[in-house]
Amino acid sequence: MSEKSPGPVGGWTRFVTARPRLSLLAALVITALAVFAGSGVAERMGSGGWQDPAAESSYATAALEREFPASQPNVLLLVDSGRAGVDDPAVAAEGLRLTERLAAEKDVTGVGSYWQTRSPALRAADGHQALIAARIQGDEKAAAEVLVRFAPHFRGEHGPVKVSIGGPVGLQHEMTTIVQEDLLRAEMIALPVTLVLLVMVFGSAVAALLPLGVGIVAILGTNAVLRGITEFTDVSVFAQNLTTALGLGLAIDYALFIVRRFREELATGAQVREAMGTTLRTAGRTVLFSALTVAVSLAAMLVFPQYFLRSFAYAGIAVVLLAAGAALILLPAALMLLGHRVNALDLRRLFRRGRKAGAEKDQVEGERESGTGWARLAALVMRRAPLFAFATVAGLMLLGLPFLGVKFGTPDDRQLPSTAETHVVQQQIRDGFPGSPAGGLEVFAEDKGAPTTPAAYAAYRTRVAALPGVLRVDGPVASGGSAYFSVQPKGEAVGEVAQRLVHDLRAVPAPFETSVTGRAAVLEDSKAAIADRLPMALGIIAVVTLLLVFLLSGSVLIPLQAVVLNALSLTAMFGAVVWVFQDGNLSGLLSFTSTGDIETTLPVLMFCIAFGLSMDYGVFLLSRIKEEYDRTHDHEHAVRFGLQRTGGLITAAAVILAVVMVGIGTSRVTNTKMLGLGIALAVLMDAMVVRSLLVPSVMKLMGASTWWAPGPLRRFHERFGLSEGEIPRPVADSDTDAEADPAEADSAEADGSDGAGAARDKVKA
């Protein structure tokens, strides 16, 4: 059989092995520049992005902000009069004075208060609290700067009243601040715990530090990329959480794979340059392929219009490619310079006194002992394949059942801790004020041609007031050729009644153009946009995944199996998200406030991330099974061998990534907590259940037909396919070759080819 070209990784192999110092120096210089370029990126990010910018609600919101600023207040001053009522003369005088002071602030417009308008919507039912509403002009960042400027002068006690500040601008500013603080804390938790776990995996402190270095380079590089993207489009501040999680998680995955293979090669007596060449031609090729599959899953979020989702695509693609690049360039250069010193500072020797074996041999022996357990597990699963397959699928489906009751909503102040000022203010408004002063629906009306008469406006208001679910209709407020109506729905601002009311309002006939906005309208438009683009996103993920897995395996059935099993691995995550975060179970233990729904974009985001990570582990396992099957053409042995060689590695990588995600899950912001804990659960379920039980049982049931492909596709794969391993050796000659040539036996053991029995026997001897 002819040798395949080493491919693109081979070019890097020659470059890295020839000039490791130059490679390392160039990477360090670029990283230093990235630190400078990425500084201050969080300050340029937004905390919104859940709405479709092309939707009717977005158009109406922009029009109202432009024509009627007072209709869209984004800052609320909650004035508490204590024991005195809000109509007390002294309280009223102070309320009017605060209103006038706020109206005099630069960049603040549309100021109105209960003491000016006597609107019942701005007065609490018990008469002890009232609201001052205003709009701060400018985008998210500019509005936050204005709020920070004037808020200290209004917050606190003023004569007979006490003032607290809430509203959308306060919510966004407080959320951005908390996200940045929580991200720093997550990094402080994840880094030392990850280092300890890496030392446990590698033994050597030097080897354990290498994956962390790769992760830090990926994170710093991604921050620089995001800083550049903010010059052209909006980017969500929440994307930084993904940068940290995937930067550390994937970098550690890739580095684990490469460092372990490099140490295996050194343990067989290979020279450093030879060991690195073999490592990059095998493990390096798998890392490159895995990065592509993860990047494709994340890139699918670019089809959605919400910049919240698109931001995660920007961050995810950048961090995946940078993690793979650092693992294939920076890490090999460091390993070339370290050589056998990669095993230095072996902390596990402290517990192995009296043993004289070298570090490399200790590493190989430890991995062989660990691999024996995985081989036994694989053998057990395949002996009872129907039982394990049925039980695993049934269990995963059962865990996913709560997702059938999912309810979607929009994020609000309850995302924040219950002690956050914005949360406290908005909760008091929900509990004490009639309707929803800042959460109703607005109808923007524009003349079609001829000016609209007051009678036409009055007739339209009557029709709207007659709709089911309407609590109150205010307006019209007219100016020039446009007007607006405020419609207060019964119940919650984004409850089922309010959502139905959005569709009813849009169906009301009118002699003028109307467009509806408000939180419930934004939710309905967001759900419609996601439902419209979701098939395209899923299609992109499925088609590209099928193609890439086919190029790796040469099989028609394995790509289908990969897609189906990956999807099954996510059921537990989605079920847990609904059971915990929507239904409120464990809310006390996890310290969050349940809103009774799930933010619309979160399931899409979590699916794309978790599916990509699942493919990451699937590629690691499949590549080793494929390598052994090409060598032996023994299907069951190849499956058992693949799990034996990668089971411990995948589990270690999953546990480390789960630690990073749990660190993210310690956030005080509910959506971030949901993302971190949900992905951690999905990763662990995939590694410990799907890869360990479901994949071997399904491959056993499929038998040798697993590798089937029609003739044309088989020839296509032979020409363009990808593979991890070295030149496959015919099975009939493998044992003979191993016995005849000790060097060949060493090579077989280095590649994990224990199917050639003599190679294994030689190392044991």
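Here are some short exercises, each with a worked solution, on a predicted model of a protein.

**Exercise 1. Getting an overview**

Find out how many helices and strands the protein has, and what percentage of its residues count as buried.

*Solution.* Start with the elements: the protein has 27 helices and 11 strands. Next, turn to burial: of the 765 residues, 56% count as buried. Then look at the surface, where the protein exposes about 30400 Å². Carbon and sulfur atoms supply 61% of that exposed area. Finally, consider contacts between residues at least 6 apart in sequence: 79% of these join residues at least 24 apart.

**Exercise 2. Reading a sheet**

In what order do the strands of the four-stranded open sheet run, and which of them are the edge strands?

*Solution.* Step one is the order, which is β8-β9-β7-β10, with antiparallel pairing. Step two is to pick out the edges: β8 (470-479) and β10 (513-518) each pair on one side only. Step three is the twist, which averages 20° from one strand to the next.

Now zoom in on one pair. Strand β7, residues 441-446, and strand β9, residues 482-489, are joined in the antiparallel sense over six bridges. To see one partnership in the model, find Val-443 and look across to β9, where its bridge partner is Phe-485. As background, strands of a sheet pair through backbone hydrogen bonds, either parallel or antiparallel.

**Exercise 3. Helices lying across the sheet**

Which strands does helix α3 lie across, and which does helix α16 lie across?

*Solution.* Take helix α3 (residues 56-67) to begin with: α3 lies across β7, β9 and β10. Its direction is at about 95° to β10. Then take helix α16 (residues 496-507), which lies across β7, β8, β9 and β10. Helix α16 runs at about 10° to β7.

**Exercise 4. Salt bridges around Arg-261**

Work out which residues are linked with Arg-261 in a network of salt bridges, and where its partners Glu-264 and Glu-265 sit along the helix.

*Solution.* A search of the whole structure finds 29 salt bridges. Begin with Glu-264 and Arg-261, whose closest N and O atoms are 4.0 Å apart. Because these two residues are three apart in helix α9 (residues 239-267), about one helical turn separates them.

The next partner is Glu-265, whose side chain meets that of Arg-261 in a salt bridge of 3.5 Å, N to O. Arg-261 and Glu-265 are four residues apart in helix α9, so about one helical turn lies between them as well.

Now check burial, for which the cut-off is under 20% relative accessible area. Arg-261 is buried at 3%, Glu-264 is buried at 5%, and Glu-265 is buried at 6%.

Last, widen the view: Arg-260, Arg-261, Glu-264, Glu-265 and Arg-645 are linked in a network of salt bridges.

**Exercise 5. A salt bridge between distant parts of the sequence**

Why can the pair Asp-412 and Arg-519 be said to tie parts together?

*Solution.* First confirm the salt bridge: the closest N and O atoms of Asp-412 and Arg-519 are 3.4 Å apart. Then place each residue. Asp-412 lies in the loop between β6 (408-409) and α14 (421-432), and Arg-519 in helix α17 (residues 519-553), so the pair ties together parts that are 107 residues apart in sequence. To finish, compare their surroundings: Asp-412 is buried, with a relative accessible area of 4%, whereas Arg-519 is partly exposed at 25%.

**Exercise 6. Finding the nonpolar cores**

How many residues has the largest nonpolar core, and which helix supplies the largest share of this core?

*Solution.* The largest nonpolar core has 151 residues. Helix α11 (residues 307-338) gives the largest share, 19 residues. Residues with the most contacts inside the core include Phe-238, Tyr-254 and Val-320. Follow Val-320 outward, setting aside neighbours within four places in sequence: among its contacts are Leu-246, Leu-250, Tyr-254 and Ala-291. There is also a second, separate core of 35 residues, which includes Val-86, Val-91, Val-111 and Leu-147.

**Exercise 7. One asparagine**

Is Asn-223 buried or exposed, and which residues does Asn-223 touch?

*Solution.* Locate Asn-223 in helix α8 (residues 205-229). At 16% relative accessibility, Asn-223 counts as buried. Not counting residues up to four places away in sequence, Asn-223 touches Gly-38, Val-41, Gln-240 and Thr-243.

Terms used
Residues numbered from 1 in each chain as written. Predicted model: local features only at pLDDT ≥ 70, side-chain atom pairs only at ≥ 80, totals over all residues. Heavy atoms only, no water. Pairing = 2+ DSSP bridges. Axes fitted to C-alpha atoms, helices over the stretch in contact; angles between N-to-C directions. Contact = heavy atoms within 4.5 Å. Buried < 20%, exposed > 50% of the residue type's maximum accessible area, 1.4 Å probe, protein only. Areas by Shrake-Rupley, 256 points an atom, 1.4 Å probe, with all protein chains shown as cover. Core = buried A, V, L, I, M, F, W, Y, C linked by side-chain atoms within 4.5 Å.
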